[in-house]
Amino acid sequence: MKKLIILLLFTLFAFASTIERYEADAYINSSGEVQVVEDILYNFEGVPHHGIYRDIPKNDTFITDIQAEQNSRRAQKKVIGNKNYIRIKIGDPNSYAPNLSNYKISYTIKGYTVRNSGDVNKIIMDLIGTGWRVPIKKAILRVHLPQVLAGRVKVAVFRGIFGSTEQLAFKEKGDIIEIDANDLAPHQGITISLAFDKNLIPANKKPTGEYYKSLLYYLILIPILGFLYLTAKKYNLLQDIGSISPKYNPPKGLSVLEAGVIKDNFADFCELKAGIVELANLGYIKYKEIDGEMYLERQEKDPSGLSDDLKLLLNAMFGGVVLVNTSFLKLDKKDFEAIKNTLHSNLVAKGYYSSSVRKARESFLYTAIVAALLTFGALFWYIFKDTGLENIFPVAVTSGFIAVGAIMFVQNLKSRDYSGLYFAVLWTGFSMYFLYSVVYSKGVFVSIAIAAVIIIAGIYFIYKKLNTLSLKGLMAKRYLLGLKEFISRAERDRIRFFLKEDKHFLDKLLPYAILFGLNKHWLNLYQELNAPLPDWYVGDVGDFGMIDFDTSSFFLDSLSADPSIDSGDFGDFGDFSGGGFDGGGGGDW
């Protein structure tokens, strides 16, 4: 057994790959930007491999313009990036490389290449990184200096494992520094340090990723912001509706559900409770307390006089039965859609809207989504063109998840679904954490977040406010706002006066109190003012104020989407091997 293990180990090392020759040229320009060309003669020692990979550390620099050739032909390559380095994977996964293959790799290093070090500036490069897992028989390295640095630099070259201070000889020929080395063991590298006067090439600023501080960042946002502004102007969303005076009676010619659409241009699920109470006021329903539970009982009254929307609601609630427990009241999705469609079409027919507000919102939303995608595409290109375009796809996908989480949060907040809110917070939080782990930079993360907040907030504001109200519709909306103001103030003396003229005054405005979310406030007035209870309520007097007019007990059957929304709308730096901004290492695969 021992002999077998020794034989296997001998075979493993006997067939280990080697680099026969590693030749590299680094061209430094007058700004400190470096173009690197590497020529690597790789020997796979008879073991089948698809190709090699090259790891290049970022060290606050940008690796761009990556090209690769194999045996004088353009090679198939894949670039993979993370926080610390990029990996250039060269070769065809469907075929094996020749035993002796020549690889030529070129790339450009930008960004934080010239760094200040006390009284001087420095450029430090790992000409061969310590990450190579194979021995290198021969290394020929050349650094091409810009004219401004020729003969004006202090050069130091180091050889060895990471942290080694073993110096290596070099030759200076005009503006070229040449380095020859033989027999580098695995994980041994070569680093060059160039020190020079600060005035020759100024030090670069360390990148922060704070793109939101640049003018170009906001120039990219201008087109979509302009589109949002023009849309808001087109639909008069920025104009004040004018002075509001209190109103004391329900609007004429409108059902409470139609008033709900005019109020905010949406047919909201929560407003159906207001429609139920209006049906009760009109004599089609009675609330009955039976054994401590509340029921709705349909009355024998011809519904032909009802508006189309209330007629649909009445039939959807009861179907073929007469008595329904409010705790188990359900409405099919198709019935809810029918009510919404009827509301929107009837309001257009009555002249309150010049055209369908739903279609206008849908048209805006589709256009806004396309504009947002184009904007984020341009923004991601601007941010990642230097740090690695391979990051765009995961960032785009993660940003999409964040947008979905934000939509879920708004929907669940509106419908008071707290378990859904908790899930939306977890979803969004996890997505944001993943986004940060992809970009690895607080500045980049903030740059993306600011643009997302501005665009999403703008789209959401216009989506919620967009309307096609006619002059008649605007007058109706002003009337409703006046009615809301009166209900919210609930001036006791004035209400007492109205109750003397009509004992059902509170009943008539109760549907609108529910519509405006002021139902509990309005129900308390029955007891405070000793007002008679509605004729449609049959039960204990003390329990009337506890009637649930919230949406928590009124469910949509088989509706997965949130019912409250109108559906269909919406490495380190140092003077030693492995410590520069170039180098890294590599191996075969």
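This is a short walk through one protein model, from its overall makeup to a few individual residues.

Let me begin with a caution, which is that what we have in front of us is a predicted model. The mean pLDDT of the protein is 82, and 87% of its residues reach 70 or more. Among the elements, helix α13, residues 505-515, has the highest mean pLDDT, at 93, whereas helix α1, residues 2-14, has the lowest, at 42. Over residues 1-15 the pLDDT is below 50, and beyond near neighbours in sequence that stretch has three contacts in the model. Residues 550-582 also stay under 50, although for them the model has 133 contacts beyond four places in sequence. Where pLDDT is low, the predicted coordinates should not be read in detail.

Now to the overall makeup. The protein has 589 residues, of which 47% count as buried, and its elements are 14 helices and 23 strands. The accessible surface comes to about 29,000 Å², and 57% of that surface belongs to carbon and sulfur atoms.

Turning to the sheets, I will take two of them. One is an open sheet of eight strands with mixed pairing, and its order is β5-β4-β8-β2-β1-β11-β15-β14. At the edges stand β5, residues 73-74, and β14, residues 171-173, and each has a single partner strand, so one side of each is left without a neighbour in the sheet. Further in, strand β11, residues 136-144, runs antiparallel to strand β15, residues 176-184, and eight bridges join the two. If you want to find this pairing on the screen, look for A139, which stands opposite A181 in β15.

The other is an open sheet of five strands, ordered β9-β10-β16-β12-β13, with antiparallel pairing. Here the edges are β9, residues 115-117, and β13, residues 166-167, each with a single partner strand, so one side of each lacks a neighbour in the sheet. The partner of β9 is β10, residues 120-128, and three bridges join these antiparallel strands. In β10, V120 is the bridge partner of S117.

Let me move on to the helices, and to a question about one of them. Why can helix α3, residues 256-264, be called largely enclosed by the rest of the structure? The reason is that eight of its nine residues are buried. These buried residues are V256, L257, E258, A259, G260, V261, I262 and D264, and so the list includes the charged residues E258 and D264 as well as others. What covers them includes the helices α4, α5, α6, α10, α11 and α13. Just after α3, N265 takes a positive phi of about 70°.

Another buried residue is L523, in helix α14, residues 519-528, with a relative accessible area of 4%. Its C-alpha atom is separated by 8.4 Å from that of L506, and the two residues are 17 apart along the chain.

At the surface, by contrast, L215, L216, L219 and I222 make a nonpolar patch of about 390 Å². I222 is found in helix α2, residues 215-234, and at 48% relative accessibility this residue counts as partly exposed.

Finally, the charged pairs. Side chains of opposite charge can pair when their charged atoms come close. The count in this model is 21 salt bridges, and I will pick out three. R21 and E23 meet in one of them, at 3.6 Å from N to O, and R21 is partly exposed, with a relative accessible area of 27%. This pair also belongs to a network of salt bridges that links R21, E23, D25, D39 and R142.

In another pair, E178 forms a salt bridge with K173, the closest N and O atoms being 3.4 Å apart. Both ends are partly exposed, E178 with a relative accessible area of 24% and K173 with one of 47%.

The last pair is D493 and R496, whose side chains meet at 3.2 Å, N to O. Both lie in helix α12, residues 492-501, and they are three residues apart, about one turn of the helix. D493 is exposed, with a relative accessible area of 62%, whereas R496, at 38%, counts as partly exposed.

Conventions: Residues numbered from 1 in each chain as written. Predicted model: local features only at pLDDT ≥ 70, side-chain atom pairs only at ≥ 80, totals over all residues. Heavy atoms only, no water. Pairing = 2+ DSSP bridges. Helix = DSSP H or I, 4+ residues; strand = E, 2+ residues; numbered from the N terminus. pLDDT = per-residue confidence, 0-100. Contact = heavy atoms within 4.5 Å. Patch = residues over 30% accessible without salt bridge, like charges linked within 9 Å, V, L, I, M, F, W, Y side chains within 5 Å. Areas by Shrake-Rupley, 256 points an atom, 1.4 Å probe, with all protein chains shown as cover. Salt bridge = Lys/Arg side-chain N within 4 Å of Asp/Glu carboxyl O. Buried < 20%, exposed > 50% of the residue type's maximum accessible area, 1.4 Å probe, protein only.
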